[in-house]
Structures are given as structure tokens and as C-alpha cells.
Amino acid sequence: MKKILVIDDEPIIRTSCERTLAPEGYEVKSADSGKKGIEFLEKEPFSLVLLDLKMPDMDGIEVLNKIKVTWPETKVVMITGYSTVDTAVQALRLGAYNFIEKPFTPDTLISAVKEVFEKSNQDTGDPGPAE
Amino acid sequence: MKNMFSHPEKSIAAKLIIAIGLLMIVVSFVFWYATLKKQEKDIMTIALKYGISFIDFTKQSFRRSMLAFGPEETQNVLENLGTPEGVKKIRIYNHKGRVFFSSYKESIGKSVDKNSVACMGCHVDPEKSPALLQNPKKWSVNKNKGESTTLKLIDSIPNEPACYTASCHAHPKELKILGFVEADLSLALLDEALFKQALALTAYVIIFVLAVSLFLGIILYKIVSKPVNELVYGMQKVAGGDLDYSVPITSVDEMGVLARTFNSMKKDLKAARDQREQWTQTLETEIAKKTEEIRKTHASLVQTEKLASLGRMAAGVAHEINNPLTGVVTFAHLLKKKFQPDSPETQDLDIIIEQSERCSKIIKNLLTFARATPSEKGNVSINDVLSRTIFMLRNQEKFHHIKFNINLEDSRFIIAGDSSQFQQIFLNMFINAVDAMGGRGNITVATRSIKENGKPYVEIEFTDEGSGIEKKYLPKLFEPFFTTKPVGKGTGLGLSVSHGIVKHFGGYIKVKSEVGKGTSFFVRLPLPEKQS
């Protein structure tokens, strides 16, 4: 079972992700801060992390950097409140697989997650895009 | 004229008139005195001459009776001769002074006063010695109070052969002088004439002095007092601030020169005052203009800051609202799956989803609005905006140690647009330059017109002496959020926003940089075709 970690300070986003992805057959865990997310990752491996860009204690970009360094095989999809291509470009440059804009519909989320796994399957398990 | 003499110490003319008057009185008096004396002397000479003739005539008259030794005859002759008004008395006396004959019979037999001219005329001291004076005086003039002047004439009767050979043998031959004839003649007429002359002369002198003084007074009043008063009046006027008053003196003498000099001085003074007033006014206008410029720039800054705040707020609100909106959309979708696709519940949920998406769109528009500065179109002079921006920045603390080398081409470079947008570009450029130089150094600003593909452009150069930009950063320079500044200092939006604005106007930004030497940004904006 694919394990997905949601890191967002907003409970409604975490709940939305859990309720959307669980019925699709994913094991979803969530953390309310970047710090807790890192702790979760240290305990068990996750295939995908859904990461909020703006958080109070640890910035999404920082968490992304940490993940990319420590768990390079883990995919990261950014959740951004700023609907600008520029932010997304920055995130992608830093190693994020993709991004989704808030507010997102369950379909958008599911297709984005599916895309990650389908792609990684095609790549025969090779983690993430080239640096 | 009245003032002149009521306070003579205050008037030059009065002083001059008094001085000259006094001098004339003294001179006239001397002249008057000398003239009178001379006249008196002349008259006396004539009187003397006539007196001597009279004595000679007397001697001739009694010579015959004397020789005939007829004392009565002699007495008669004397009495006859003494009758005219002008003859007071005639006497004949001998060398001892004893009177023998006289027109006044009472004095016969008396002696003459030895201290009178009768003896003193010839003798040094008649009482003691017979010594003679070298220049005998044979006449004297006496003036007794209440009487007319008397001319006393004395002549000797010398001895002669006819006398000592006469039959009477009265005189010995040895005697040289037999006696003396003395005549007292009245000079009353002469006195009167002299008095009348003195009177006339005095009158003439007084009239002369008065006439000269009057004439002098008028002349002095005309050429000194009046012009001086006019000058004083003019000076008082000028001192009182009336610079339009001119002294009305047109004479060519020193007074005229003084008046003209004064008038020209006053004219210069007026010109200087007018110029000063004009300067003050210009300065006030200039200050008002500058104040207005500062106010406008400040207002524009405040406006920009306001918009930026609004942008930040909008972004924050959008971010916050997007979270619940995601929840709404997600749960609406989850709920929808539990109903048949055509059921009324599904339709209702679609409405919820639809409206949520509408909210999302509104937020997107809000963010777009926050990023874009609303623009008021108008004709903007690039040079003017640049000058204004520099003027404003010079007063900022951040720019206190910055020297601006400004080299603007002599054209205004008019572009249709919003001046605040151009100002934003220039502000960003200057702030980047100052940050690159650490707050100290020279910033070169220049505008020039260039041609690119045959189209006119204005190129605005911003050159700093800062740290320069590393080559690897150059491609990312205009990307949003890209910054080399420390965290919290730069937003990484300045250049991207500038880039966006320049692009909007059909222009572009060129960068030239050398690490350690400095950076030049060239903002190129297309100009309207007609303006070259």
C-alpha cells in the first residue's frame, strides 16, 4: 500500500486529503507542522509527501530541501496558496515533483497523486526527477 | 526765507548773509570814515588857503595906516574887516603878547594866552627860552562845545625899511618881527556841509548794505536754501520708503550734480529693491513648486505603500480563505459521491461546488489586483520623473552618502503612461544600486535617445560601483522572489515587477555587470514615432 504523508498546518486541508485519498486505497498520515512531518519520515518511509508551501515554524521550501537531501526517493507535491507559476517553478527547481493550487477539488488531488505513482512506475522505481 | 532767519544756526544761507553783511558793514564804515576824513582835510586846506589870503588882505589893509602911525585908522580897518559873519575877530599884538588892536575893543591891552598857538606856533617853550620850532605852525583849529569850529590864523608882521625909517621912529632896525596879526575865522558853513555829506554817505552805505544783503539773500535762497531743502525732502521721502520720488532740480551747478547723483542713486536703490522683491517672489514660487513636488512624490510613495499593504493583505486573506474553501469543495465532492448523479442532492452539491469555485476566482482576481498597480494614463516625461525621484531620494537617510552623477539628455522623453509606474522602476533601480554599494558611492544616471530597428527608444542608465552580479545569477535576475539580499531584506520582486512594467510598455531591461566593479542597468522604452 502506498503511504502518503500530508504536512499542513491547516486541519481542514489534512482532513480533506485523508478523506479524499483513503477511499482510493492509499495509507494517509498527516502532520500539522514541518517538524512533525520530518519526525514521521524518520520513523517510517513514505512514497509521497503532500507539502504546504507556507507554514509557521518550518517553511515548505525548507522541508522540501530536507526531504530531498535525506529521503531522495520520496516524491513531494507542493500545495500552494499562491496561484503563481513563479512559486511553482521555484519549488519544481528545488526538486518537487509537481504542485497543486488551493483550493483544489478531490479529482485534482487524486489525479495529481496518481500521476506521481504512474510516472514512478514507468521509471521502474527510480525516485524523483533528475536534479 | 522766513525759516532761514528764524533759525540762522540751521541755515547756511543765513550764516553767509550775516557774515557777508557784517563784513560789508565793517568795510563800509572804514570807507565812510576815510572819505569823511579826506573831505574834512580837503575842506580845511581850502579854508586855510582862503584864511591866508584874508590875513594877507588884512595886512595890506592896515599897512598904510600903520606906516602913517594912525592907530585909530588901524582900529577902524580891523573893525571893518571883522564885521562879516565868517570873521569872528581880528587882533594885532606884539612879540610879548600884548594886544594893540582888535575887532573887539574889549580885548585891547590884554595879553594873549602864551600856551596858545600864538606863541606855541613858533616857540618850543615860550615861558623859558626864545628857541624856535623847526616847522612853525601858524594856524590851529578849535572846536568848543556849542560853537562852530574856529580857524585861528596867525601871521607875523616883519620889520622892513619903511618901518624903521618912518617918521614916527616907533621901531628900531634890529627888530625882525614887529608883531602878529591873528584872525579867528568861523567854519560853521563848512561844518554844516561836512555834516550833510556825512549824513548822505551814511544813508548811502546803509542802503548799499541792505540792498546787497537782500540781493545776496535772494540769490542764496534760490541757489542754496531751496535746492538743499528739496534734497532734504527727497532724502526724507526715500528714507521713508518712497523710492518713486525724484528731486526736481535741473540746474547744471554742483546742486544739480548732487540732485542728479541722488536721483540716480535712488533709481539704483529702487532697481535693487525691485530685484530683491522679485527674487523673493521667485524663491517663494520655487519653494512652493518644490514643496508641491515633494508632496506629490510623498503622496505617490504613500499610495504605492498603500497598494503594497493592500496587496499583502489580499494575499494573506486569499491564502487563509483558500484553506476552508478546499475543505468545502472536498466535502461537497465526497458527499456528491453518495448520491445518484441526477438526484436533486447532487444538483445542490454542484451549486455548492460552483459557488466555491466562484469564490476561488474572486480571490485570484484579488491577488492579480494586488500585484498590478492601477495605472492612470497620461503623458509622462521620463526626465522629469527621474529628476523628481532623485530629488526625493536625496532627502532619504539611505541615500545620504550617495553621490548622483546626473547626465540627462536635453529632451523630456514623453511617454504615455502612469508616472508612478515609472517611478517604481526607478526607485527599484536606485534601491538595488545603494544596497549593492553598501550605502556609499556614486550612482550614474543618464538618459539618451537611441534607435533600435529604426525605432526611437529612450535609454535610461543606472550605474553603480557596487559588488556586481555573478554571471550565474544573471538569467534569474528578473524572476520573481529571486534575491541575493539577506532574508527579510529583499522580496525578490523589485526587478521582476520593473521587468513587468517595462515589458508592458514594449521595452526591456539590459544588464551589464562585473563582479567587484559594479553593475549597469539599461532600461529601454520605446518612444512615440513622431517624437525623435
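**Exercise 1. Work out the handedness of the crossing of α9(B) and α10(B), and how the two helices pack.**

Solution. Let's start with the crossing itself: in this predicted model, α9(B) over α10(B) makes a right-handed crossing.

Next, the geometry. Two packed helices are described by the angle between their axes and the distance between the axes. Here α9 (residues 382-394) and α10 (residues 419-437) of chain B pack at about 50°, and their axes are 10 Å apart. Roughly parallel would need an angle under 35 degrees and roughly perpendicular 65 to 115, so α9(B) and α10(B) end up oblique to each other.

Finally, who is touching whom? From α9(B) come Ile382(B), Val385(B), Leu386(B), Thr389(B) and Leu393(B). Across from them, α10(B) offers Ser419(B), Phe422(B), Gln423(B), Phe426(B), Leu427(B) and Phe430(B).

**Exercise 2. Lay out the sheet of chain A and find its edges.**

Solution. First, get the run of elements: chain A has five helices and five strands, and from the N terminus on they go β-α-β-α-β-α-β-α-β-α.

Now for the order in space. The five strands form an open sheet, β2-β1-β3-β4-β5 (chain A), with parallel pairing. β2 (27-31) and β5 (98-101) of chain A sit at the edges with a single partner strand each, so one side of each has no neighbour in the sheet. Going from strand to neighbouring strand, the average turn is 20°, direction ignored.

Then check the pairings. β1(A) and β3(A) run parallel and share four bridges, with Ile4(A) opposite Leu48(A). Between β3(A) and β4(A) there are five bridges, again parallel, and Val49(A) has Val76(A) as its bridge partner in β4(A). Four bridges link β4(A), residues 75-80, to β5(A), also parallel; one partnership there is Val77(A) with Asn98(A).

**Exercise 3. Is β3(A) mostly covered or mostly open, and which helices of chain A lie across it?**

Solution. Start with burial: five of the five residues of β3(A) are buried, so to call the strand mostly covered is fair, given that buried takes 20 or more other C-beta atoms within 10 Å.

Now split the strand by side. In a regular strand the side chains alternate between the two faces of the sheet. Leu48(A), Leu50(A) and Asp52(A) point one way, Val49(A) and Leu51(A) point the other way, and all are buried.

Which helices are involved? α1 (residues 11-21) of chain A lies across β1 (3-7), β2, β3 (48-52) and β4 of chain A, at about 175° to β2(A). α3 (residues 60-70) of chain A lies across β1, β3 and β4 of chain A, at about 160° to β3(A).

**Exercise 4. Find the residues at the heart of the largest nonpolar core.**

Solution. In soluble globular proteins, nonpolar side chains tend to be buried together. Here the largest core has 32 residues, and the ones touching the most other members are Ile4(A), Val49(A), Leu50(A), Leu51(A), Val76(A), Val77(A) and Met78(A). As for where the members come from, β1, α1, β2, β3, α3, β4 and α5 (106-122) of chain A each supply at least two.

Take Val49(A) as a worked case: leaving out residues up to four places away in sequence, Val49(A) touches Leu5(A), Ile7(A), Ile67(A), Thr74(A) and Val76(A).

There's also a second, separate core of 27 residues, and its members include Phe413(B), Met429(B), Ala433(B) and Val434(B).

**Exercise 5. Lay out the five-stranded sheet of chain B and place α2(B) and α3(B) on it.**

Solution. Order first: this open sheet reads β2-β1-β5-β4-β3 (chain B), with antiparallel pairing. At the edges stand β2 (99-102) and β3 (139-142) of chain B; each has a single partner strand, so one side of each lacks a neighbour in the sheet.

Then one pairing in detail. β1(B), residues 87-93, joins β2(B) through three antiparallel bridges, and Tyr93(B) has Val99(B) as its bridge partner.

Now add the helices. α3 (residues 71-81) of chain B packs on the sheet, touching β1 and β2 of chain B, at about 50° to β2(B). α2 (residues 12-67) of chain B lies across β1, β3, β4 (150-158) and β5 (177-186) of chain B, at about 130° to β5(B).

**Exercise 6. How many residues does each chain bring to the contact, and which element of chain A gives the largest share?**

Solution. Count by chain: 18 residues from chain A and 19 from chain B. On the side of chain A, the elements giving two or more residues are α1 and α4 (85-93). The largest share, six residues, comes from α1(A).

Key
Residues are numbered from 1 along each chain as its sequence is written. Chains are lettered from A and ligands numbered from 1 in the order in which they are written. This is a predicted model: local features need pLDDT of at least 70, side-chain atom pairs count only at pLDDT 80 or more; totals for chains, interfaces and linings use all residues. Two strands pair if DSSP finds at least two bridges between them. Axes are lines fitted to C-alpha atoms, for helices over the stretch in contact, and angles run from 0 to 180 degrees between N-to-C directions. Two residues are in contact if their C-beta atoms, placed from the backbone, lie within 7 Å. A nonpolar core is a set of buried Ala, Val, Leu, Ile, Met, Phe, Trp, Tyr and Cys residues joined through C-beta atoms within 7 Å. A residue is buried if 20 or more other C-beta atoms lie within 10 Å of its own, exposed if 12 or fewer, and partly exposed in between; C-beta atoms are placed from the backbone. Angles under 35 degrees count as roughly parallel, over 145 as roughly antiparallel, 65 to 115 as roughly perpendicular and the rest as oblique. A crossing is left-handed if the near helix is turned anticlockwise from the far one by less than a right angle, and right-handed if clockwise.
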